[in-house]
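Here is a short tour of one chain, written for someone who likes to check each statement against the coordinates. Have the viewer open and follow along at your own pace.

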Amino acid sequence: MTDADVKAQLSQYRQSIDNIDAALVHMLAERFQRTKAVGVLKAKYELPPADPAREEYQIERLRHLAKDANLDPDFAEKFLNFIIKEVIRHHEAIAAEHNGTEKTA
């Protein structure tokens, strides 16, 4: 393979990685929009910001998906735990903003 071929292949791989990174950012943004809506609903009805049973389910599901995709399940779990912590932090902030408002049915 010539130096030009290697550089072209490297460029192609990097462009693909850049596209994947962009898709990940958009997917995470959509995920956080959804979890924000969950946080608002939880705050409105005075539900706790964390849901340990749901979190456990998500982690087990992600570990299984990671194995199926030949991705290190420990890495996938660490990544999801980071997201879960951020979601809980946002839910707590939303609850604090709604503190003192009446519950509506």
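Where is the place of E46? E46 sits in the loop between α1 and α2. Please keep in mind that this is a predicted model.

**The helix before that loop**

Helix α1 runs over residues 3-44. With its 42 residues, α1 reaches 61 Å from its first C-alpha to its last, close to the 62 Å expected at 1.5 Å a residue.

Four residues of α1 are worth picking out: T35, G39, K42 and A43 are buried. The cover over the buried residues of α1 includes α3, which spans 73-98.

L24 also belongs to α1, and this residue is partly exposed because its relative accessibility is 40%, in between the limits of 20% and 50%. Together with I20 and M27, L24 forms a nonpolar patch on the surface, and the three have about 300 Å² of accessible area together. A reminder about helices helps when looking at such spacings: an α-helix has 3.6 residues a turn, so residues three or four places apart point the same way.

**Two loop residues with positive phi**

Most residues other than glycine have a negative phi. Against that background, E46 and N70 are good places to stop. E46 comes just after α1 and has a positive phi of about 55 degrees although it is not a glycine. N70, likewise not a glycine, has a positive phi of about 60 degrees. N70 lies in the loop between α2 and α3.

Are these two residues buried or exposed? E46 counts as exposed because its relative accessibility is 54%, and N70 is exposed because its relative accessible area is 76%.

The table collects the relative accessibility of the residues discussed here.

| Residue | Relative accessibility | Class |
|---|---|---|
| L24 | 40% | partly exposed |
| E46 | 54% | exposed |
| N70 | 76% | exposed |
| L71 | 41% | partly exposed |
| P73 | 16% | buried |

**A buried charge in α2**

Next, look at E55 in helix α2, which covers residues 52-68. What is the nearest side chain of opposite charge to E55? That side chain is K42, 6.3 Å away. E55 is buried yet has no salt bridge, and K42 is itself among the buried residues of α1. Leaving out residues up to four places away in sequence, E55 touches A50, I84 and I88. For a computational chemist, E55 is a pleasant spot to zoom in on.

**From the second loop into α3**

L71 is found in the loop between α2 and α3, and L71 is partly exposed because its relative accessible area is 41%. Not counting residues up to four places away in sequence, L71 touches A66 and A76. The C-alpha atoms of L71 and Q33 are 26 Å apart, with their positions 38 residues apart along the chain.

P73 is found in helix α3 and counts as buried because its relative accessibility is 16%, under the 20% limit. Which residues does P73 touch, not counting those up to four places away in sequence? They are R63, A66 and K67. A66 therefore appears in the contacts of both L71 and P73, where contact means heavy atoms within 4.5 Å. The C-alpha atoms of P73 and E60, 13 residues apart along the chain, are separated by 9.4 Å.

Note on methods:
Residues are numbered from 1 along each chain as its sequence is written. This is a predicted model: local features need pLDDT of at least 70, side-chain atom pairs count only at pLDDT 80 or more; totals for chains, interfaces and linings use all residues. Side-chain values use heavy atoms; hydrogens and water are left out. Patches are made of residues with over 30% relative accessible area and no salt bridge: like charges are joined within 9 Å, nonpolar side chains (Val, Leu, Ile, Met, Phe, Trp, Tyr) within 5 Å. Accessible areas come from the Shrake-Rupley method with a 1.4 Å probe; for residues, only the protein chains shown count as cover. A salt bridge is a side-chain nitrogen of Lys or Arg within 4 Å of a carboxyl oxygen of Asp or Glu. Helices (H or I, at least four residues) and strands (E, at least two) are DSSP runs, numbered from the N terminus. Buried means under 20% relative accessible area, exposed over 50%, partly exposed in between (1.4 Å probe, protein chains only). Lys and Arg count as positive and Asp and Glu as negative; His and the chain ends are not counted. The expected span of a helix is 1.5 Å times one less than its number of residues.
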